[in-house]
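Dear colleague,

I am handing over the structure below, together with a short account of what was found in it. Please read the account alongside the coordinates.

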Amino acid sequence: MAALGWLTPRRRSATARSVLAGEAAAEAARKASQELQDLQETAAPPEPAFPVVGDVHAAAFFDLDNTVMQGAALFHFGRGLYKRKFFQRRELARFAWQQAWFRLAGVEDPEHMQDARDSALSIVKGHRVSELMSIGEEIYDEYMADRIWPGTRALAQAHLDAGQKVWLVTAAPVETATIIARRLGLTGALGTVAESVDGVYTGKLVGEPLHGPAKAEAVRALAAAEGLDLARCAAYSDSHNDIPMLSLVGHPYAINPDTKLRKYARAREWRLRDYRTGRKAAKVGIPAAAGVGALAGGTAAAVALHRRRR
């Protein structure tokens with residue numbers, strides 16, 4: 001009995017400690033649960049889904065060159081025209097150099113772009129608009145279809161699936177931009193307008209190229225005509241030249257951004273998407289391997305031309 005009496009207090013003491021442990025665990029759990037609830041109540045609400053399904057007062061505006069398509073549409077168009085004997089090898093070499101520079105640098109050089117536009121205008125002068133539209137369809141299949149960025153294409157499709165209109169906004173000829181928009185299933189395109197009389201190109205522009213601030217003005221005008229709320233719209237571009245357009249909307253995106261746009265976008269907490277590959281993706285506008293190929297192609301064309309002249 002003495003032994004039994006000695007064991008009984010230990011059993012009671014252990015039970016008391018178990019009760020104490022259980023009560024402490026319950027209190028800690030209750031306290032942690034309350035703290036988590038308080039944190040959830042004070043945290044910022046989750047970001048709403050975007051694009052908003054059924055928001056008919058919203059639309060999306062996409063730059064074309066290096067945003068939707070790798071490289072410049074105007075240069076791809078020039079390649080197709082050369083294949084069809086619209087101009088000579090000298091112009092092809094210039095187009096190749098300009099395209100190589102654009103693809104490697106990932107930015108638009110004003111002099112290169114102006115030269116390319118002047119060349120294109122002189123080339124199409126005297127041709128019918130319907131003829132160039134028909135050729136443009138063929139050129140899209142030959143040189144452009146495989147150069148569409150899948151990631152950007154998916155972004156555009158998300159807006160379409162939400163019931164919103166999607167527009168290309170580009171300095172490329174409006175005819176070329178319209179073909180690309182139609183092939184991608186987009187709503188339409190805003191582009192540079194070349195003057196035509198009785199359906200024949202005159203070799204002049206109507207106004208100026210749709211570039212930089214002109215894009216913002218085009219988007220603003222279209223939004224007014226379509227009854228859009230720009231604060232609910234989105235815009236996508238790779239170039240710092242399009243900051244006026246990006247700043248116009250409530251949802252700006254930097255896609256494959258050049259250095260200046262990347263810095264500007266980060267400072268303002270804009271969304272960034274980079275679909276390029278290779279080590280140079282953060283510095284240039286295309287995959288490194290493609291850049292080398294473009295440069296090699298441009299160099300080969302120039303060397304061949306030089307030798308032919310000699």
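In what follows, Ala, Val, Leu, Ile, Met, Phe, Trp, Tyr, Cys and Pro count as nonpolar, Asp, Glu, Lys and Arg as charged, and the others, Gly among them, as polar. Please keep in mind that this is a predicted model.

A search of the whole structure turns up three cavities of 30 Å³ or more, and the second largest of them holds about 40 Å³ of space. Its lining is made up of Phe 62, Val 68, Thr 152, Arg 153, Ala 156, Leu 168, Leu 184 and Leu 186, which by class gives six nonpolar, one polar and one charged residues. Helix H6 (residues 150-161) supplies the largest share of that lining, with three residues.

Turning to charged pairs, the structure holds 14 salt bridges. In one of them Arg 232 pairs with Asp 55, with the closest N and O atoms 2.7 Å apart; this pair links distant parts of the chain, 177 residues apart, with Arg 232 in the loop between helix H8 (213-226) and strand S6 (234-237) and Asp 55 in the loop between helix H1 (2-42) and strand S1 (59-62). Arg 232 counts as partly exposed, at 34% relative accessibility, whereas Asp 55 is buried, at 10%.

Asp 242 and Lys 215 form another salt bridge, with the closest N and O atoms 3.2 Å apart, and both of these residues are buried. In the bridge between Arg 276 and Asp 274 the corresponding distance is 2.5 Å; Arg 276 is buried, with a relative accessible area of 7%, while Asp 274, at 32%, counts as partly exposed.

With best regards

How values were computed
Residues numbered from 1 in each chain as written. Predicted model: local features only at pLDDT ≥ 70, side-chain atom pairs only at ≥ 80, totals over all residues. Heavy atoms only, no water. 1 Å grid on protein atoms, 1.4 Å probe; cavity = no way out; pocket = protein on both sides within 12 Å on 5 of 7 lines; lining within 4 Å. Points joined across faces, edges and corners; volume = space filled by probe spheres on them. Helix = DSSP H or I, 4+ residues; strand = E, 2+ residues; numbered from the N terminus. Salt bridge = Lys/Arg side-chain N within 4 Å of Asp/Glu carboxyl O. Buried < 20%, exposed > 50% of the residue type's maximum accessible area, 1.4 Å probe, protein only.
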